[in-house]
Amino acid sequence: MSETITRVSDYTSVVRERHSVRQYDPNWSIPEAELKEILAEATLAPSSSNTQSWRFFVFHDKELQKKLLPIANNQQQIVDSSAVIAVLADREGFKRLGQINDMAVEKGVMTREFADQYTERAIGMYGSLGKEKQTQIALVDGGLVSMQIMLSAKARGYDTVPMGGFDAVRLVEEFNIPETLVPVMLIAVGKGVGPGRATARLPLDEITFWNGQGLN
Ligand SMILES: Cc1cc2nc3c(=O)[nH]c(=O)nc-3n(C[C@H](O)[C@H](O)[C@H](O)COP(=O)(O)O)c2cc1C
């Protein structure tokens, strides 16, 4: 606990050194204030019309993490990491656009007239979409913020692992998550024990179609 954490300062190193880590020091606790910094930084991610339709259920309590363990396929990192962040996508997140744009006006980065027009138009547009489309949009935002959580944690010297291996229905039931909040992924954050294992990536040429060439 008294060891210092080595920060990773430049972007390239953060990206290259992030690996999914599944072994954590179970005695290491990241202070809530630092978790808040990680989350706040992550929320600088872009989102559809700046709706910021991500919500976070932070498990920062060993008893609660133990409750989560069987729901997440008994993955040991659930209890050994300092915290597990359940990233949730609010399919009705667009309803807060008025508040968001009011904040932009107060900050002096948007005129009142523009904010009002923007809010009205966007709320009308999102409101007219079905639940499925609203969810799909919020899930994309949730993916973007998730990535930033992992990079922001890495920059502070912490490791993470994103997890899709959990029972979303049980998660929602067990922790009374409102029906409008759809689980995106769980992210364990903590002090990794040893390096994460390196993984391979497909050659860029096989996944990139310059000007559409090679697609068909
Ligand atoms: C949506 C998603 C779900 C994942 N689910 C799990 C999981 O349940 N358990 C796990 O150990 N790793 C999980 N992973 C981690 C991947 O296995 C890992 O990101 C991938 O192997 C690449 O390795 P890297 O993250 O170290 O680059 C998941 C990753 C993503 C993006």
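Select the ligand and the 13 residues that surround it, each with a heavy atom within 4 Å of the ligand; the closest are Ser20, Arg22, Gln75, Gly164 and Arg201. The model is predicted, local features require pLDDT of at least 70 and side-chain atom pairs pLDDT 80 or more, while totals for chains, interfaces and linings use all residues. Residues are numbered from 1 along each chain as its sequence is written, and side-chain values use heavy atoms, without hydrogens and water.

Next, display the polar contacts of the ligand (pairs of N or O atoms within 3.5 Å). At Ser20, a polar side-chain atom lies 2.6 Å from an oxygen atom of the ligand. At Gln75, an N or O atom of the side chain is 2.8 Å from a ligand nitrogen atom. At Gly165, a backbone N or O atom lies 2.9 Å from an oxygen atom of the ligand. The ligand taken alone exposes 620 Å², of which the protein buries 63% (Shrake-Rupley method, 1.4 Å probe).

Now select residues 159–163, strand β3 (a DSSP run of E, at least two residues). Strand β3 gives the most to the shell around the ligand, with three residues.

Finally, turn to the cavity. A search of the whole structure finds one cavity of 30 Å³ or more; a cavity is a set of points on a 1 Å grid over the protein atoms alone where a 1.4 Å probe fits but cannot get out. The largest cavity has a volume of about 60 Å³, the space filled by probe spheres set on the points. Select its lining residues (an atom within 4 Å of a point), among them Thr51, Asp90, Phe94 and Tyr126.

Note on methods
A polar contact is a pair of N or O atoms within 3.5 Å; within protein, one must be able to donate a hydrogen and the other to accept it, and residues adjacent in sequence count only if both atoms are side-chain atoms. Helices (H or I, at least four residues) and strands (E, at least two) are DSSP runs, numbered from the N terminus. On a 1 Å grid over the protein atoms alone, a cavity is a set of points where a 1.4 Å probe fits but cannot get out, and a pocket is an open set with protein on both sides within 12 Å along at least five of seven lines; lining residues have an atom within 4 Å of a point.
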